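Welcome! Take a moment to look over the sequence and the 3D view, and then we will walk through some of the contacts together.

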Amino acid sequence: MAGSELTGIGVAPGIAIGKAVLLPRRELRVTRRTVAAAEVPLEQGRLREAAARARRQMEEIRTRAAEALGPHYASIFDSHLAILADAQFLAEIQERIAAVGLNAEAALQEVARRYADALARLEDGYLQGRRTDVDDVAERLLQSLLGAEVPRLDALSPDTIIVAHTLAPSETAQLDRRRVQGFVTEVGGRTSHTAILARSLEIPAVVGLPGITSQVREHDLLILDGITGAVLVNPDQEVLASYQARKEAYEQFTRQLHVLGALPAETADGYRVRVTANIEFPGEAAAARLHGAEGVGLYRTEFLYANRTTPPTEEEHFAAYRTVAEAMAPNPVTIRTLDLGGEVAPVAAAEPDSRAAPRLRAIRLCLRRPDLFRTQLRAILRASVHGSLRVMFPLVSGVGELREARAHLEAVKGELEAAGVPFDPRLEVGVMIETPSAAVIADLLAREADFLSLGTNDLIQYTLAIDRGNEQVAYLYEPLHPAVLRLIRNTISAARDAGIWVAMCGEMAGDPLYTAVLVALGIDELSMNPGAIPLVKRIIRTLSTGEALQVIHQLSACSTAREVEGLLRREMARRLPELFSAAA
Ligand code: PEP
Ligand code: MG
């Protein structure tokens, strides 16, 4: 293939130039065999040994990830280890071997497929990620059973770009940053563990390019742009030279960013935006500060519930919130209450439902299970005296839910008061705007909340009727769709009219292309992946609100996301040519 350009989803920024190393889909061939009753213990023994070997490999990977990235990222592999240690998972395979007289490989494949299918039917992005974990573990177990070679990712030449069907989180964690310039995969989305790891390792990455492993040959020259998602195969000299120049400019630019992180996010004419971080583990607060975060705008608390069969205790919640509050003080921390669906082990009593519509999840689940909700609220209130905390509720669709949630909060405050336990009586209460209904009635919600926070990941998927984790409809995931922009504008003006502040904490907040639009619309706080903070601050510092308003004025005449993006790119390329190219 010569001189072609493809576009996928850029998930980790930076420009990579190198030679393709192909990791096509590995179809490990499994022959289905019936085994005689006498052979059953032998097959079961093979499975036990393979599981022990796979566990040792995973533990090694976990240790290496902890060394390279810190303990919080290493905990991604806890779910892999939990599956390998899951007595029920292994027992089901053992049972298939005995009941049907199947060989271990075929029994493993059947059971793993059933688990993965059950997870795939769920609509929750977080649990979809667990499906990749099951696939990852099953593949490792199968390799171990078949004695197949595990692909070696630590002995590559120093200008490698990996082209793979998919890269499991365990494989991504093994990538050596000095050798692997970047990677591109056929499947995957922005919020997968693999994408999160690529951003932390600072390896430029593009995902969601079906067919790429058959379009590219081993050693083809590739250019990969992790911001725009562009992948160029065997480019000509002129294109190569222009990307080499952009790569150098980008690298020089990122070297200055760390200095910029410490500066305030203020436009040339004095409009101040608070730039904060999204975190999932208490240990990330320190990294957030280092990148220049002026607080935490979204603390996703779901990890407290992961890999366990009972819900976290009030003390466990409290310890996590106190750690983050103290690490960020005097800056504020916004804790989002539980945003998981009913199939999570500790809340198994809730009903599972379909992927077509959001289930009994987030605030809906919390209102159905006040025991879980109040435990979390009590811990947040208790931790509020150790720093500056706020609380916000996810997936609110109407004022009724907000009132009910606030009533629980007031009840818990009453209990604490009666027991003489101190808490911050001014704890601010926010509503996440992530359903179209909430955005349309933002004025009604704003009357009864202290702040609003736009969760654009969900808002976009529900507004445009697409599944955010599905690569088939990824092309429709358009933050600049006029419908999305109108909902954002409506939410921000509702907050302004009500005299409360408004934040954005979806991925859109950390994408430099959108910063000018959000500033012009009057956003007060932008919360993002810590790595994105210095760049967004830099963009804010190059803007003036007058200019940004002019851009918005021009955008309002556009009818499609494509037109909006074209116009925006041209404007940004004029201001920051080292970062943006005029082409969409
Ligand atoms: C969002 O929906 O934009 C959001 C921040 O929440 P999550 O990505 O956790 O659903
Ligand atoms: Mg959300």
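Is E326 buried, exposed or partly exposed? E326 is partly exposed, with a relative accessible area of 41%. Please keep in mind, as you read on, that this is a predicted model.

## The chain as a whole

Let us step back for a moment. The protein chain has 584 residues, and 56% of them are buried. Its secondary structure consists of 23 helices and 16 strands. The accessible surface comes to about 23,800 Å², and carbon and sulfur atoms account for 52% of that area.

How does the chain contact itself? Among contacts with a separation of 6 or more, 68% are between residues 24 or more positions apart.

## Salt bridges

Searching the whole structure turns up 35 salt bridges. E326, where we began, takes part in one of them: its partner is R322, and the closest N and O atoms are 2.9 Å apart. Both residues belong to helix 12, which covers residues 314–328, and they sit four residues apart, about one turn of the helix. R322 is partly exposed, at 32% relative accessibility.

A second bridge joins R369 to D371, again with 2.9 Å between the closest N and O atoms. Here R369 is buried, because its relative accessible area of 19% falls under the 20% limit. D371, at 43%, is partly exposed. A third bridge links E547 with R575, whose closest N and O atoms are 3.3 Å apart. E547 lies in helix 22 (residues 545–555) and R575 in helix 23 (residues 561–575), so this pair ties together parts that are 28 residues apart in sequence. E547 itself is partly exposed, with 32% relative accessibility. Elsewhere, salt bridges with shared partners connect E314, E315, R374, R378, R382 and E415 into one network.

## Aromatic rings and charges

The whole structure contains four aromatic pairs. One of them is formed by F89 and Y115, which meet edge-to-face, with 5.1 Å from centre to centre and 75° between the planes. F89 is part of helix 4 (residues 87–101) and Y115 is part of helix 5 (residues 104–120), so the pair ties together parts that are 26 residues apart in sequence. F89 is buried, at 1% relative accessibility, while Y115 is partly exposed, at 21%. Another edge-to-face pair is made by Y299 and Y321, with ring centres 5.9 Å apart and 85° between the planes. Because Y299 lies in strand 10 (residues 296–300) and Y321 in helix 12, this pair ties together parts that are 22 residues apart in sequence. Both Y299 and Y321 are buried.

Rings also meet charges here. R382, which we saw in the salt-bridge network, has its charged end over the ring of F318, 4.2 Å from the ring centre. Similarly, the charged end of R390 sits over the ring of F451, 5.8 Å from the centre of that ring.

## The nonpolar cores

Now look inside. In soluble globular proteins, nonpolar side chains tend to be buried together. The largest nonpolar core in this model has 109 residues, and F393, L452 and L526 touch the most other members. Helix 19 (residues 482–498) supplies the largest share of this core, seven residues. Another core lies apart from it, with 36 residues that include A50, A54, V111 and A112.

Which residues does L526 contact, leaving aside its neighbours within four places in sequence? They are V273, R274, V275, T276, M504, A509, T515, L518, V536 and I540.

## A buried loop residue

Finally, find L464, in the loop between helix 18 (456–463) and helix 19. L464 is buried, with a relative accessible area of 15%. Beyond its neighbours within four places in sequence, L464 is in contact with L476, E478, H481 and V484. The C-alpha atoms of L464 and A483 are 8.2 Å apart, although 19 residues separate them along the chain.

Terms used:
Residues are numbered from 1 along each chain as its sequence is written. Chains are lettered from A and ligands numbered from 1 in the order in which they are written. This is a predicted model: local features need pLDDT of at least 70, side-chain atom pairs count only at pLDDT 80 or more; totals for chains, interfaces and linings use all residues. Side-chain values use heavy atoms; hydrogens and water are left out. A salt bridge is a side-chain nitrogen of Lys or Arg within 4 Å of a carboxyl oxygen of Asp or Glu. Helices (H or I, at least four residues) and strands (E, at least two) are DSSP runs, numbered from the N terminus. Buried means under 20% relative accessible area, exposed over 50%, partly exposed in between (1.4 Å probe, protein chains only). Rings of Phe, Tyr and Trp (its six-membered ring) pair if their centres lie within 6.5 Å; planes under 30 degrees apart count as stacked, over 60 as edge-to-face and the rest as tilted. A charge sits over a ring if NZ of Lys or CZ of Arg is within 6 Å of the ring centre and within 35 degrees of the ring normal. A nonpolar core is a set of buried Ala, Val, Leu, Ile, Met, Phe, Trp, Tyr and Cys residues joined through side-chain atoms within 4.5 Å. Contact means heavy atoms within 4.5 Å. Accessible areas come from the Shrake-Rupley method with a 1.4 Å probe; for residues, only the protein chains shown count as cover.
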